[in-house]
Amino acid sequence: MDEVDYDHELPRELIKCVLVGDTGVGKTRLICAQALGVGIAAPRQEAKQPIHFPTVFAIDQYHVSQEIRERANFRVDGVDVALRLWDTFGDHEFNRKFAYQNAHVVLLCFSLNSPNTFKNVNAVWYSEIKKYCPRTPIILVGMQSDWRLFGKETTVNSNRSLSKRMRECSLVTPDMGRQVAKEIGATYYETSVVTMWGIHHVFENAIRVALINRRQMRFWSSQLKGIQNPQLQPPYLPEKPDPPKVSVPPSTFKENIKELLDSGMCADVEFLVHGHTIKAHRAILCTAAPTFAKLFSLNEETLFKGPSTKEKLVLQDALVFGERGSLPRGFVALESYNGVWDSEEHSSMVQVTVENSLTYKNFMFILEFLYSGNIPLEVCTEELKDAARNLQLSNLVSYIANVMNNVEYMNTEIHSKIVREMSSCAKKLVNSDMFSDIVFRIEGRIVMAHKAFLVAQCEMMAAMFMTGHFKESGVQVVEFKDTNFEAFLNVLEYLYTGQCLSLSVDDIIGVLALANFFCLPRLVALCEQHIVKELQIAIATNEMAVAEDIVGYLFEAQIHNASQLEAWCIYYIATHYNAVCRHCPKHVKNLDSSTLKCIEKKRWPPAWYILEADWYEKAMKELETEKATEKVRKSHKNIKHKRKCSCL
């Protein structure tokens with residue numbers, strides 16, 4: 001094979017580079033990545049290993065494709081080179097004698113994630129190369145280095161023998177590759193066609209070793225004198241992963257309230273409409289519309305004479321959220337009777353008679369709107385609009401008008417307004433005795449609450465207050481031990497309003513614990529989001545100022561099933577591992593083994609990169625020392641030569 005290739009009358013050094021190695025290590029893909037500039041997508045970790053079909057890159061592509069021919073032209077250390085890549089089958093029974101003929105450099109490839117292919121470097125391939133081209137330089141190439149990014153174990157005790165380390169490891173480490181390369185007199189490099197890292201290093205240095213070998217036979221060639229020795233390959237630093245995001249599920253506050261209307265659970269008011277009975281909840285209706293707040297906020301004087309006895313209410317002027325009020329328009333009468341009567345407790349049910357002008361169907365749609373903020377478009381009629389106007393429900397009147405005018409998109413703002421108004425009014429009912437039907441004792445203090453909001457938003461409390469299931473369903477006072485009072489009020493605020501705006505750093509862990517206890521995943525997410533935001537603000541000022549707090553939050557997140565907060569804390573520790581270990585070593589040691597393994601798996605920079613970076617730094621210092629020593633030696637030699645000349 002000629003050593004000079006003439007491309008458009010420009011002479012280039014022609015290099016034949018033969019790739020050998022076991023089947024499936026990625027020889028053809030490496031050639032395609034260089035010759036075609038095409039890599040492959042990263043494999044999915046959960047996917048099964050695909051079946052390998054042996055392929056060979058045809059060498060005549062350099063004559064067929066102008067693009068491949070142009071990409072094969074290199075300029076290395078001032079020398080123009082035409083590189084010709086020869087692919088081979090990896091099956092051992094094939095005869096590769098023809099491929100080895102006139103080879104200038106051999107790339108001996110193995111797969112980093114297959115120790116068996118690494119063993120065959122010495123067992124099979126080195127002897128074959130020396131048989132067919134004994135004087136040809138060798139480059140040892142570790143393929144598929146991207147497997148180290150998938151978190152597999154890549155560090156092995158370096159004090160053990162190479163054979164033991166090969167049996168123990170699942171991935172070949174760089175120092176193992178360098179050790180074998182030293183044994184066979186080769187230079188070691190790693191590469192990946194997924195990240196496209198190392199490909200340029202491999203072929204550029206393959207050209208260097210081929211030209212250095214050629215320089216020994218063409219010592220008179222001036223252009224080959226500038227060829228440098230193969231360069232050290234700097235370690236590959238993976239991109240820093242993005243921090244995990246803390247997402248909060250969308251609120252289902254109004255949907256849950258609507259389901260409560262459908263179920264009728266914990267109802268404390270009955271509406272009589274044309275002989276039909278509709279069960280509802282005073283606390284919810286009061287927060288949904290001023291009309292019902294005025295209706296149910298009247299002072300009641302009721303005489304209980306026995307089970308299920310009825311007494312007319314004596315209606316008086318009363319304060320309705322600070323204003324004087326009376327029985328509103330649209331309602332005829334109110335009555336009250338005891339739903340339960342015993343020696344210890346009683347609960348009253350209010351019965352409201354609605355005017356005959358309101359039909360049962362329209363009143364059901366009105367309640368549906370008050371509970372959910374929406375009604376079907378087809379029921380928005382003039383009759384329903386008049387009924388809403390009669391009950392002074394301005395939001396419903398506007399809602400129906402928008403539908404009738406074909407501008408229903410404007411109802412989105414009305415719905416948002418209803419949610420805001422209802423949340424604002426409901427917050428006033430937290431720990432208020434108005435319509436209260438359940439009492440909690442927290443830290444010796446009394447908290448008044450309303451079952452309607454509790455059972456609508458919390459499935460655990462719905463089961464707790466369901467008749468006949470738990471003892472709490474038959475008592476008027478429920479005591480929670482080991483519960484923070486302020487944290488419990490925050491949880492009640494969330495159950496009443498669907499949000500928790502008054503969270504503080506001091507109470508956040510207590511709220512998180514209660515949210516997990518009451519099975520409120522959205523409140524857990526809100527707590528996680530609040531904690532992460534506070535930590536990010538502190539980190540922006542000083543990264544390590546909150547290291548101890550983050551380790552503490554990690555403990556709490558694991559206890560209270562806050563998976564998003566746990567992932568974020570692990571990410572912070574993994575990306576600041578050395579600094580965190582120096583800052584709070586005792587806290588890190590107290591982490592359980594599974595957490596430490598997870599942190600080690602997600603460390604950035606990875607442990608193998610830190611080891612490689614240390615080796616690279618030491619190796620570069622040694623090279624610089626050797627160059628300085630060689631420079632001093634040459635200067636002394638020149639001085640001696642000059643002295644001899646002066647004597648003559």
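This briefing describes selected local features of the structure shown above. The structure is a predicted model. Three strands form an open sheet of mixed pairing, and a count of salt bridges comes to 16. Helix 1 is mostly covered.

**The sheet and the helix across it**

- Strands of a sheet pair through backbone hydrogen bonds, in either a parallel or an antiparallel manner.
- In this open sheet the strands are arranged in the order 16-15-17, with mixed pairing.
- Strand 16, covering residues 445-449, and strand 17, covering residues 477-480, are the edge strands, and each pairs on one side only.
- From one strand to the next, the twist averages 30°.
- Strand 15, made up of residues 438-442, pairs with strand 16 in the antiparallel sense, and five bridges connect the two.
- Within this pairing, Val-439 has Met-448 of strand 16 as its bridge partner.
- Helix 18, formed by residues 485-497, lies across strand 15, strand 16 and strand 17. The helix runs at about 0° to strand 16.

**Salt bridges within helices**

- Side chains of opposite charge can pair when their charged atoms come close.
- An α-helix has 3.6 residues a turn, so residues three or four places apart point the same way.
- In helix 8, which spans residues 199-217, Arg-208 and Glu-204 are four residues apart, about one turn of the helix. The two residues form a salt bridge in which the closest N and O atoms are 3.2 Å apart.
- Arg-208 has a relative accessibility of 6% and therefore counts as buried. Glu-204 is likewise buried, because its relative accessible area is 18%, under the 20% cut-off.
- In helix 13, which spans residues 382-390, Arg-389 and Asp-386 are three residues apart, about one turn of the helix. Their side chains meet in a salt bridge, at 3.0 Å from N to O.
- Arg-389 is partly exposed, with a relative accessible area of 40%. Asp-386 also counts as partly exposed, at 40% relative accessibility.

**Further salt bridges**

- Glu-600 and Arg-603 form a salt bridge, and their closest N and O atoms are 3.6 Å apart.
- Glu-600 is partly exposed, with a relative accessible area of 37%, whereas Arg-603 is buried, with a relative accessible area of 13%.
- Elsewhere, Glu-13, Arg-214 and Arg-218 are joined into one network by salt bridges that share partners.

**Asn-390 and its contacts**

- Asn-390 is another residue that lies in helix 13.
- At 18% relative accessibility, Asn-390 counts as buried, because the cut-off for this class is under 20%.
- Leaving aside residues up to four places away in sequence, Asn-390 touches Arg-329, Gly-330, Glu-355 and Ser-357.

**Helix 1 and the residue that follows**

- Helix 1 is formed by residues 27-35, and seven of its nine residues are buried.
- The buried residues of this helix are Lys-27, Thr-28, Leu-30, Ile-31, Ala-33, Gln-34 and Ala-35.
- Gly-37, just after helix 1, takes a positive phi of about 70°.

Key. Residues numbered from 1 in each chain as written. Predicted model: local features only at pLDDT ≥ 70, side-chain atom pairs only at ≥ 80, totals over all residues. Heavy atoms only, no water. Pairing = 2+ DSSP bridges. Axes fitted to C-alpha atoms, helices over the stretch in contact; angles between N-to-C directions. Contact = heavy atoms within 4.5 Å. Salt bridge = Lys/Arg side-chain N within 4 Å of Asp/Glu carboxyl O. Buried < 20%, exposed > 50% of the residue type's maximum accessible area, 1.4 Å probe, protein only.
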